[in-house]
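Q: Please take a close look at the salt bridges of this model, and then at the pocket that the search ranks by volume. I would like one connected account.

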Amino acid sequence: MNFSQIFGRLPETQASAPGRVNLLGEHTDYNDGFVLPTAIPQCTTVQIGLSDDGQHHFYSENLSDRVDILDINYTPSGFASYIFGCIEVLKAAGQTIPPLSLYVKSSVPMGSGLSSSAALEVATLRAIRQLLELPLDDVEIAQLAQQAEIHYAGVQCGIMDQMASSLADTEHILFLDTRTLERQMIPFPRGAEIVVIDSGVPRTLATSGYNQRRAECEEAAHLLAVKALRDITDVEATKVLPEPLRRRARHVVTENNRVLEVLQGVTPERFGSLMNASHASLRDDYEVSVPALDTLVEILQKTPGVFGARLTGAGFGGACVALVKSGEGKAYANHTLEQYHQTGYSGRVLVPDLELSDAA
Ligand code: GLA
């Protein structure tokens, strides 16, 4: 069913936004730190038109689900909560938003830690910006999207995902200072490309575990008398903290330092070992890995031609990212998946996008 079959008219305009994968700088963004995401080929597209019955209507092609907002005081759940959240944050920012019909379709995998929610928020805000000619720049779009996520999806997230979806592309890595929002597009290390594999394990504890880690970091910063853990650069300073805050802070400090090292320019081999160190730190100090992610990362790290690998996103399930020799991504991905399946898990390759490359 397309837009006109659902809403009885053609859409007036449409906009898209990609998912993202983070290469380095995990759980640093809500500590005012540094991140290195890139856009993935999969994206979300939102078609939009005015609605003439005084109500908002949302349709998800992937879920075959239609939500009609009959009562403006009702907050929807599921995919509609993100769209509704975007409309509400625009209104809170002083924009007048007429009743809208929105149709969503997406190739960004859900629940894999590749920011399907940020892609939906950014695509929705872009579509509304275009339809209503709102004077919003891409950073403002990301900020509004983050507000929608915090207030309507209940995740106390940082700004990485929304900035990546709004500003990154697939040809570069986006270096972002999440405190100042200063950014730089940097090239991939020469001769390297990325592989992303979903572990097949859903991110069950993601929201509660995430919000808890964030609270722990805030407490650690408070005890160290700094505004945010980003202000600590020497890992020795974390030694005065009680456990588990010491390990949480140590992860954030070492992770920020790893990102800053990449910014100086590193070989693919060095980038890879920084990714390996990041995984160990997320597993042992930050405790957001699960056995399936560790298994997948171990297989990747042992494969010749793979420079490094780690879990990506919030953790507690979801996907792993690896940096591999360029031109070989598909072969490494298939090889890894075969071995992963032999361990009893069932994953899938997300990048390179085999559906896109097989269709080409
Ligand atoms: C989620 C959040 C981001 C970031 C990552 C962890 O994706 O939405 O803001 O904190 O987890 O790095």
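A: **Salt bridges and the largest pocket**

In this predicted model, the side chains of Asp32 and Arg179 meet in a salt bridge, with an N to O distance of 2.8 Å. Because Asp32 sits in the loop between strand S1 (13-22) and strand S2 (34-35), while Arg179 sits in the loop between strand S7 (172-177) and strand S8 (183-187), the pair ties together parts that are 147 residues apart in sequence. Asp32 has a relative accessibility of 18% and therefore counts as buried, the cut-off for that class being under 20%, whereas Arg179, at 29%, counts as partly exposed.

This pair belongs to a wider set, since a search of the whole structure finds 24 salt bridges. Another of them joins the side chains of Glu88 and Lys91, at 3.1 Å from N to O. Here both partners lie in helix H2 (residues 79-92), 3 residues apart, which is about one turn of the helix. Glu88 is buried, with a relative accessible area of 18%, and Lys91 is partly exposed, with a relative accessible area of 31%.

A further bridge within a helix is formed by Lys302 and Glu298, whose closest N and O atoms are 3.8 Å apart, a value that falls within the 4 Å limit used for a salt bridge. These two residues are 4 residues apart in helix H9 (residues 291-302), so about one helical turn separates them. Lys302 is exposed at 66% relative accessibility, while Glu298 is partly exposed at 44%. Elsewhere, salt bridges that share partners join Arg213, Glu216, Glu243, Arg246, Arg247, Arg248 and Glu287 into one network.

Turning to the pocket, the largest one has a volume of about 760 Å³. It is lined by 38 residues, of which Tyr82, Ser116, Ser117, Glu149 and Arg203 are the closest to its centre. The elements that contribute two or more residues to this lining are H2, strand S6 (100-106), helix H3 (116-132), helix H4 (138-153), helix H5 (160-167) and helix H6 (206-223). Helix H2, which holds the bridge between Glu88 and Lys91, is thus also one of the elements of the pocket lining. By class, the lining is made up of 16 nonpolar, 16 polar and 6 charged residues. Finally, because domain 1 (6-185) and domain 2 (189-353) both give residues to the lining, the largest pocket lies between the two domains.

Definitions and conventions: Residues numbered from 1 in each chain as written. Predicted model: local features only at pLDDT ≥ 70, side-chain atom pairs only at ≥ 80, totals over all residues. Heavy atoms only, no water. Buried < 20%, exposed > 50% of the residue type's maximum accessible area, 1.4 Å probe, protein only. 1 Å grid on protein atoms, 1.4 Å probe; cavity = no way out; pocket = protein on both sides within 12 Å on 5 of 7 lines; lining within 4 Å. Points joined across faces, edges and corners; volume = space filled by probe spheres on them. Nonpolar A, V, L, I, M, F, W, Y, C, P; charged D, E, K, R; others polar. Domains from an automatic or database assignment.
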